[in-house]
Structures are given as C-alpha cells and as structure tokens.
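Here is a short briefing for a first look. Keep the sequence and the structure in view as you read.

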2 protein chains.
Amino acid sequence: MADKAQYEELVRQFSAFGAVKRELGRILPEGCSSASAAVLALLSRHGDIRMGKLAELTAVDMSVISRQVAHMTVQGWIDRSEDPADRRSRILRLTPEGRDQLDELSERTARLLADRLGDWTDDEVGRLIRLMARLRASFGGACEPAAPAAPSAPPDHHTDEGSP
Amino acid sequence: MADKAQYEELVRQFSAFGAVKRELGRILPEGCSSASAAVLALLSRHGDIRMGKLAELTAVDMSVISRQVAHMTVQGWIDRSEDPADRRSRILRLTPEGRDQLDELSERTARLLADRLGDWTDDEVGRLIRLMARLRASFGGACEPAAPAAPSAPPDHHTDEGSP
DNA sequence: TATTGTTATACTCTATAACTATA
DNA sequence: TATAGTTATAGAGTATAACAATA
C-alpha cells in the first residue's frame, strides 16, 4: 500500500500524460480524431458489437458513442445495421474502408512510437502495458467484465496480458 | 525494441486511460477543474514561475495557460504579479487559498487512489510512476528542467529506482 | 524586430436530460 | 414499465491567429 506522497506523484504523472496523448493526436490522418481511432481499434478487436457494449468498452456515456459512431458511419468506416433479434439495437462492424483507416493509423502510431520509444526494450514496453491495464482494471475498468447482471452473458475474455 | 503489435496494444492502453482520468476528475472540489489541479500542483512544486515556464511544464500552448491562470487568479488561488526585471512577464505564485485548495485536492485523490489501488504494493505504484515519467521524458517531456545548457545527465534511461 | 502574454474563435470530447422506438 | 439508442445543449480543454506591451 502506497503513501500519500506517492499517490500525489502518481496523479502528477497522470496529468503530464496528457502531453503524450496530444502528441499522438497530432499525427492522426485527416478526418480521424483520437476518439475515432479508439473506436476503430475496439471494433477491430471485438468484432460485431452493439452500441452499449462499445460504450462500456470505452467507458463513456452512450450518447457520446452514438454521436461518434454516427460520424464514422457517414465517413464510411462503420456499418451500423439493425439487430434482427432486437430492433432497438444496432450491430456495429468495421467496413473495409474502416479497416484501411485503422491500418494507416497503426502504421503512423507505430512509426511515432518506434521513434520516441526506440531505446525502450520490448520488456519495458510490456511492463508499461501491463501496469496500465491493471490500473484500468483497478478503476472498475470496462475491460474485465464486472458482470453486474449482464443478460448477454460475460462477453469476450481477451487476455490482456497476452504477449503477441 | 518493441514490435508493431506491442505498440498497438500500448496505444490501446493510452486510449483506455481516459476513463481513469475522468473518474479522478469526478471527485474534484467544486470549481476546481482537472487543469486547475495540475497547475496548483506544479506551482506548489516549482515555486514562483512565469507563464511561459508553466506552459512548458504542462506542454500546452501559452494561450491555454493564460486563460487557466486568469481563471484561477479570479478564484484567489494564484497571485499573478509583474516581473520587475521584465515588465512583459508575470510571476505566478500560489496564494494561501491556493495551497488550501491543493491540500483538499491531495486529500481527495489520495483517498480515491487508496480505495482503488488498495491491493497494489507501493513498489508496483512506484514502477508505474517511473515508467510514466520515462514515457513523458521520451516524448520530449517538459518535466525535468530539460537541461537548458548544462545537462549534467541527459534524460537517459535513468532506471531511477531511488525513492522520491 | 523579437518576445511575453492576452483575447477571439473554433474544434474535440464529454455528460446530462429529454426524446423515440422497441421490448 | 424498462431498455437501446438518438438528439440537444452545455461545459471543459485545446490550438491557431490576431493583438498589445515591452524588450
């Protein structure tokens, strides 16, 4: 268990992390915001999912996801079709164009990270990944299914610790 | 050196981290935004500094800091006085009220983190702190005084295992 | 002319609340 | 009535550009 000074330092790092996020945001392709990039990555990883699930994965209100997805649908990156089993719902799926966009995105971010993190070992990068994943989980992360009363059953169980 | 898949996973963690930031933001005292909290902490740590220096420390445009500081000055948390040596500049300093606010802030965040991170060892918290500090440094971090002219030790991969 | 800071404007991300349509 | 999603509105954070005062 950490002490108060350590927690203060941690929060300071959290604040400063915004600069990293902003720098990553600057290399995004035209028309693709940081939020769009996150949605593309999640759709690629989780396959066909509903709005509510996407909201849960991103830990934002569904209204936020709704607007985001609407925008990306107009851009042709997402196919938003009706769920035949429940006509209130929508099934989201990446279009080929969306996948192209994601590929371009991955290319650019990998290039930037390779430049900035060139002197990190892959073990160090892996440690940061695992610690951030655990941080998210500790904060009620929508990654591990807290399974409150989920009728749709405990969804995917992507092992976040897995090394590629 | 990490591979592309690992970088993608890292970026995914970066995106998901927003949820942690938002949850921390929800416990802030009334009238104290996340940005204000960061400025309070920096002023407390770095003493009397100028606008430009604060902009550098936060890695945002000076126009952003200018508005933020103006707001905090109205709230009575910052004393923004002229620099007698250069009348274009302003010297920023925490007021006693600002320090009170920072204390309240630290209290709340420490409480939340103690709750969420209760099962982390202080060594684990320390590792996360160090990795995030290094990440920031790798991204041209404006945290360490950045060695203006005489870098005693370039922002090397200091595996600073030392206690704060 | 260059630097320090301010102001105006626009854009992104987010949450709340009111709404529609299904269940 | 309850749930899935949409829309309207408001607020915070940020960047760019035009501006003022001073160096």
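H4(B) gives the largest share of the surface near DNA strand D, with 4 residues. The model is predicted. The points below start at the DNA, then turn to the contact between the chains, and end with chain A and two single residues.

**The surface near DNA strand D**

- DNA strand D is surrounded by 24 residues. The closest are A:Gly52, A:Ser66, A:Arg80, A:Arg88 and B:Ser63.
- Of the atoms of DNA strand D that come within 4 Å of the protein, 67% belong to sugar and phosphate.
- By residue type, this surface divides into 11 charged, 8 polar and 5 nonpolar residues.
- A:Gly52 places a backbone N or O atom 2.8 Å from a phosphate oxygen of DNA strand D.
- A:Met51 also has a backbone N or O atom by a phosphate oxygen of the strand, at 3.2 Å.
- A:Ser89 uses its side chain instead: a polar atom there lies 3.1 Å from a sugar or linking oxygen of DNA strand D.
- Both chains supply elements that give two or more residues to this surface. From chain A these are helix H3 (51-58), helix H4 (62-74) and strand E3 (86-94). From chain B they are H2, helix H4 (62-74) and strand E3 (86-94).

**The contact between chain A and chain B**

- The size of an interface is often given as the accessible area lost when the parts come together.
- Here chain B and chain A bury about 6,200 Å² between them. Carbon and sulfur atoms account for 68% of that area.
- Chain A puts 59 residues into the contact, and chain B puts in 58 residues.
- The two chains are joined by 6 salt bridges. One salt bridge pairs A:Lys4 with B:Glu107, whose closest N and O atoms are 3.0 Å apart.
- Across the interface there are 25 residue pairs in polar contact, both residues being at pLDDT 80 or more.
- On the side of chain B that touches chain A, four elements give two or more residues: helix H1 (4-25), helix H2 (34-46), helix H5 (96-116) and helix H6 (122-138).
- Which element of chain B gives the most to this side? H1(B) does, with 21 residues.
- The residues on this side of chain B divide into 30 nonpolar, 16 charged and 12 polar.

**Chain A as a fold**

- Chain A has 6 helices and 3 strands. From the N terminus on, their order is α-α-β-α-α-β-β-α-α.
- Of the 164 residues in chain A, 45% are buried.
- Take the contacts in chain A between residues at least 6 apart in sequence: 54% of them join residues at least 24 apart.

**Two residues to look at**

- A:Thr58 sits in helix H3 of chain A. Is this residue buried or exposed? A:Thr58 counts as buried because its relative accessibility is 17%, and the cut-off for buried is under 20%.
- The side chain of A:Thr58 reaches the backbone oxygen of A:Ala55 at 3.2 Å.
- Leaving aside residues up to four places away in sequence, A:Thr58 touches A:Leu42, A:Ile65 and B:Arg22.
- B:Gly25 lies in helix H1 of chain B. With 32% relative accessibility, B:Gly25 counts as partly exposed.
- B:Gly25 and B:Asp122 are 97 residues apart along the chain. Their C-alpha atoms are separated by 23 Å.

Definitions and conventions:
Residues numbered from 1 in each chain as written. Chains lettered and ligands numbered in written order. Predicted model: local features only at pLDDT ≥ 70, side-chain atom pairs only at ≥ 80, totals over all residues. Heavy atoms only, no water. Contact = heavy atoms within 4.5 Å. Buried area = accessible area lost by both parts, 1.4 Å probe. Salt bridge = Lys/Arg side-chain N within 4 Å of Asp/Glu carboxyl O. Polar contact = N/O pair within 3.5 Å; in protein donor to acceptor, adjacent residues only side chain to side chain. Nonpolar A, V, L, I, M, F, W, Y, C, P; charged D, E, K, R; others polar. Buried < 20%, exposed > 50% of the residue type's maximum accessible area, 1.4 Å probe, protein only. Near = heavy atom within 4 Å.
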